Amino acid sequence: MAGDPEMSPRAWEADVVLLDGRSARIRPVRPSDAERLVSFYSRVSDESKYLRFFAPYPRLSDRDVAHFTTVDHDHRVALVGVLGDNIIGVARYDAVDDEEAEVAFLVEDAHQGRGLAQLLLEHLAQAARDRGFTRFVADVLPDNRRMIAVFREQGYRVTGDVADGVLRMVFPIEQTDTAVGVLLAREHRAEATSMQALFDVRSVAVVGASRRQDTVGQRLVRNLVLGDFTGTVYAVNSQAEAVSGLPAYRSVQAIPGEVDLAVVAVPAESVTDVVLDCAAKGVRGLVVISSGFAETGEDGRQRQRQLLGLARSYGLRLVGPNCLGIINTAPTVRINASLSPVMPPRGKVGFFCQSGALGTAILESVAQRGLGLSTFVSAGNRADVSGNDLLQYWEEDEATDVVLLYLESIGNPRKFARIARRVARRKPVVAVKSGRSTQGVPVGHAVRRSSAPQSAVDAMFRQAGVIQVDRLDEMFDVAQLLAYQPLPRGPRVAVVGNSDALGLLAADAAAAVGLSVRDPVALGADATADDFEQALDLALDDPETDAVVVVYAPPFEAGGEDVAGVLAAVGEQSDKPIVSSFLGREGVPELLQVPDVGGEPGRGSVPSYPAVEAAVRALARAASYAHWLGTPAGEVRAYDDVRTADARRVVEGVLVSSPDGAALSREQSVEVVAAYGIEVWGQVGAGSADEAVAAAAGLGWDVVLKAQADRLKMRPDLAYVWRNIDDEEQMRQAWQAMTAGMAQARAGDFVVQTMAPKGLPVTVQGVEDPLFGPIVSFGLAGAPSELLGDRAYRIPPMTDADAASMVRELRSSPLLMGYRGADPIDLARIEDLVQRVARLKNDLPQLVSVDLPLVMASPDGISVLDVQAHVAPVGDSRSDLLVRRLTRMPGDTIPS
């Protein structure tokens with residue numbers, strides 16, 4: 001692909017996060033980088049130059065510079081790592097032959113050890129794969145231990161030999177499971193570290209701090225100071241001497257000490273100047289409270305793109321813009337860098353939301369319930385830092401036991417599902433996804449359009465183990481149970497209370513949400529604390545009980561302190577969850593708290609709900625999560641008979657002739673799925689009765705005649721399929737009946753196919769969604785799928801456990817399992833078929849749809865009767881699995 005050296009493939013441009021949590025930029029080199037390259041080389045030590053060129057090489061000649069900056073983006077490719085306007089690393093390959101390329105790297109000494117070389121190798125390998133190369137070779141001096149480690153620790157199968165004092169390393173660059181595992185582990189470490197830099201801060205600068213009351217800048221300073229921030233607060237205001245008793249500085253650079261975090265509250269058009277000021281000071285993170293960005297229209301979107309590009313290019317992570325801010329309640333930090341005057345109590349819950357206005361209401365509700373938070377982030381327009389980044393951080397954060405997400409949009413749902421599934425194995429993740437019925441995206445959020453149905457989105461949450469709830473209050477209901485009580489081991493619930501009516505109400509509510517309820521224990525209105533203690537002990541000791549719901553409605557003016565003491569004492573000792581409706585209170589009342597070492601509510605505290613229905617719903621969510629947690633995750637099956645290269649050859653061949661995409665012929669579709677072990681029954685086209693007779697005779701009779709053309713399938717007055725045709729007379733009768741009223745049958749209107757064994761018709765489909773990437777669905781063919789929407793969805797990669805649960809979650813699944821005495825269908829073969837389609841869709845994004853519209857499933861196996869497929873070019877929705885990169889705003893470009 002030789003061409004203009006200044007016009008490099010956009011897919012090779014990326015913002016990345018280094019191991020120390022700072023961002024950088026990777027892009028192809030350009031001739032205009034000549035001065036930058038010379039400057040970069042002047043900062044590299046003599047030792048690093050020697051290790052690169054195997055000899056003293058103090059400076060680059062003009063010829064060297066021209067050679068290194070002019071490439072063809074095909075047989076000669078070079079990528080540079082950029083920070084601000086400076087090149088800090090270079091990686092390149094030069095083709096040896098059509099399959100092998102020689103690679104070399106050089107990283108500025110000041111930036112070695114930050115993981116830049118590994119990132120450059122990832123991106124260079126992807127560029128080489130794009131150009132058809134399969135193998136890298138590198139000549140390295142044995143003393144260059146760092147570079148040797150880069151190659152050996154990348155997850156590739158490296159071989160090496162020493163000759164003439166030089167180590168020659170050779171390795172294939174295919175994306176093996178090991179290489180992907182290394183990539184994801186480094187991604188997790190880097191992104192978690194970048195979030196830690198936002199929370200563990202010792203100094204904060206408020207840019208736009210104001211002396212005027214009721215201004216954003218003044219409120220930020222006040223909240224930081226009154227929140228007892230343990231570090232230093234700096235006020236930045238070019239027009240003032242002091243703000244709220246703090247000395248004011250004209251700029252961030254004028255501050256005498258180090259600044260870890262800058263909170264920005266200046267007009268939108270001034271924010272970019274603040275970014276440059278912060279970058280020059282060495283600030284690591286920005287929280288941009290200012291509005292006036294993407295939420296205001298196209299001019300604002302352009303301003304937001306500029307802000308994001310500038311922040312990332314200088315190594316800063318960005319929260320916002322148009323956000324409420326961040327909070328960390330850790331005693332060693334206690335930072336309230338937000339507009340909310342409410343500093344929530346310390347606890348074990350991490351909370352992420354997007355809307356600033358909603359964030360204030362959330363914090364107030366949290367405080368009223370007594371639900372403690374570890375950290376809180378309101379991301380506003382979510383230009384950079386997203387829920388995915390926070391999940392990476394919370395996964396190993398010892399201060400967080402429960403994760404809460406209020407998601408108005410999901411910028412990279414494929415990555416979200418991957419990370420959430422891993423996090424949910426360690427701690428519960430509870431999410432509210434707004435806009436479920438409308439699929440709406442808030443103004444200011446940059447998200448690719450999705451055509452996935454809501455049921456597919458819900459399936460993604462279930463597959464990842466995320467506890468999805470419909471409302472904020474239900475999220476808090478679930479959170480206060482998960483934060484303080486153990487998970488139930490099963491769905492069996494005992495109800496203990498002093499109100500018969502409320503006890504029965506609790507039992508009915510439990511049964512309605514799928515819990516198994518024993519007869520409620522009615523203690524009577526005059527029940528004492530001892531009565532409650534005895535009943536609770538009996539219920540909790542019962543091996544047939546997994547959880548207890550306690551209802552206490554005190555008679556007359558009784559305060560219930562004695563009963564509360566019993567509940568708290570029993571809750572502290574119990575390994576089974578206890579929830580209550582105590583005096584109709586909400587949250588974790590002080591009477592029911594078991595204080596931790598810091599005096600805050602700790603494990604064993606008993607949550608209370610104003611209505612027993614809410615308590616039971618929360619318990620059902622916890623039981624469902626516990627069931628998911630106890631179910632083996634399964635494995636992604638490896639298929640020895642899969643021939644990915646053969647299928648890719650067909651797909652890419654069609655795209656060469658039809659760059660905008662095209663439907664595959666039946667022969668091409670059959671060839672693609674056959675490469676993944678899916679055998680499709682043959683069929684013979686017929687344009688006349690004579691052709692149909694000849695086709696049936698060739699197949700040995702016992703055939704069907706099927707209308708293929710959509711214009712015929714949509715005719716309710718015509719039969720779509722004529723079955724059990726055994727001779728010429730029957731075929732001619734079938735032809736006459738099916739073509740009655742037609743002007744003339746055309747070639748391709750009808751096909752003849754051997755009769756499949758009797759069975760249940762099912763359908764499997766895989767599509768490429770612009771936002772979610774690959775989605776696989778399964779259902780019964782015909783009315784159950786088309787009219788009732790009874791389809792199950794999963795996002796590849798799909799484990800065997802995913803396939804098993806997918807097949808069984810259909811409402812019509814009893815038909816597959818021997819309904820009314822019928823023989824059960826061979827579910828193992830269906831699950832295998834679903835996994836093969838998932839593997840196909842995961843491997844080939846350009847196969848934008850593959851549909852098996854009619855699969856006959858029987859006790860003896862499956863018969864795939866038809867296949868349809870379509871190919872088209874796709875964007876970069878899956879690029880984060882090939883190389884590490886941060887998500888960009890749609891329409892964003894990486895500037896020079």
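How many Å should the twelve residues of helix α12 (residues 413–424) span at 1.5 Å a residue, and how far apart are its end C-alpha atoms? The expected span is 16 Å and the end C-alpha atoms are 15 Å apart, which agrees. Keep in mind throughout that this is a predicted model.

**The whole chain**

Begin with everything displayed: the secondary structure of the chain comes to 26 helices and 38 strands, and its C-alpha atoms fill a box of roughly 100 × 95 × 55 Å along the principal axes. For 896 residues, a compact globule would have a radius of gyration near 29 Å, and the chain, with 32 Å, agrees with that. If you colour by accessibility, 57% of the 896 residues count as buried, while the chain exposes about 36700 Å², of which carbon and sulfur atoms supply 50%. Among contacts between residues at least 6 apart in sequence, 71% join residues at least 24 apart.

**Helix α12**

Now select residues 413–424, helix α12. Eleven of its twelve residues are buried, so the helix is largely enclosed by the rest of the structure. The buried residues include Phe 416, Ile 419 and Val 423, but also the charged-named positions Arg 414, Lys 415, Arg 418 and Arg 421.

**The nonpolar cores**

Keep Phe 416 selected and add Phe 351 and Leu 405: of the 112 residues in the largest nonpolar core, these three touch the most other members. Helix α18 (residues 612–630) gives the most to this core, with eleven residues. Centre next on Leu 405 and, leaving aside its neighbours within four places in sequence, look for its contacts, among them Phe 352, Leu 391, Trp 394, Phe 416 and Met 475, together with the run Val 429, Val 430, Ala 431 and Val 432. A second, separate core of 47 residues can then be picked out through Ala 647, Val 673, Val 837 and Ala 869, which it includes.

**The hairpin of β16 and β17**

Finally, select strand β16 (residues 325–328), which runs antiparallel to β17 and is joined to it by four bridges. Gly 325 stands opposite Ser 338 in β17. Between the strands of this hairpin lie six residues, and Arg 334 takes a positive phi near 50°. Which residues of strand β17 (residues 335–338) lie on each side? Ile 335 and Ala 337 are on one side and Asn 336 and Ser 338 on the other, and with all of them buried, both faces of the strand are covered.

Conventions: Residues are numbered from 1 along each chain as its sequence is written. This is a predicted model: local features need pLDDT of at least 70, side-chain atom pairs count only at pLDDT 80 or more; totals for chains, interfaces and linings use all residues. Side-chain values use heavy atoms; hydrogens and water are left out. Buried means under 20% relative accessible area, exposed over 50%, partly exposed in between (1.4 Å probe, protein chains only). Helices (H or I, at least four residues) and strands (E, at least two) are DSSP runs, numbered from the N terminus. Two strands pair if DSSP finds at least two bridges between them. A nonpolar core is a set of buried Ala, Val, Leu, Ile, Met, Phe, Trp, Tyr and Cys residues joined through side-chain atoms within 4.5 Å. Contact means heavy atoms within 4.5 Å. The radius of gyration is taken over C-alpha atoms; the globule rule is 2.2 Å times the number of residues to the power 0.38. Accessible areas come from the Shrake-Rupley method with a 1.4 Å probe; for residues, only the protein chains shown count as cover. The expected span of a helix is 1.5 Å times one less than its number of residues.
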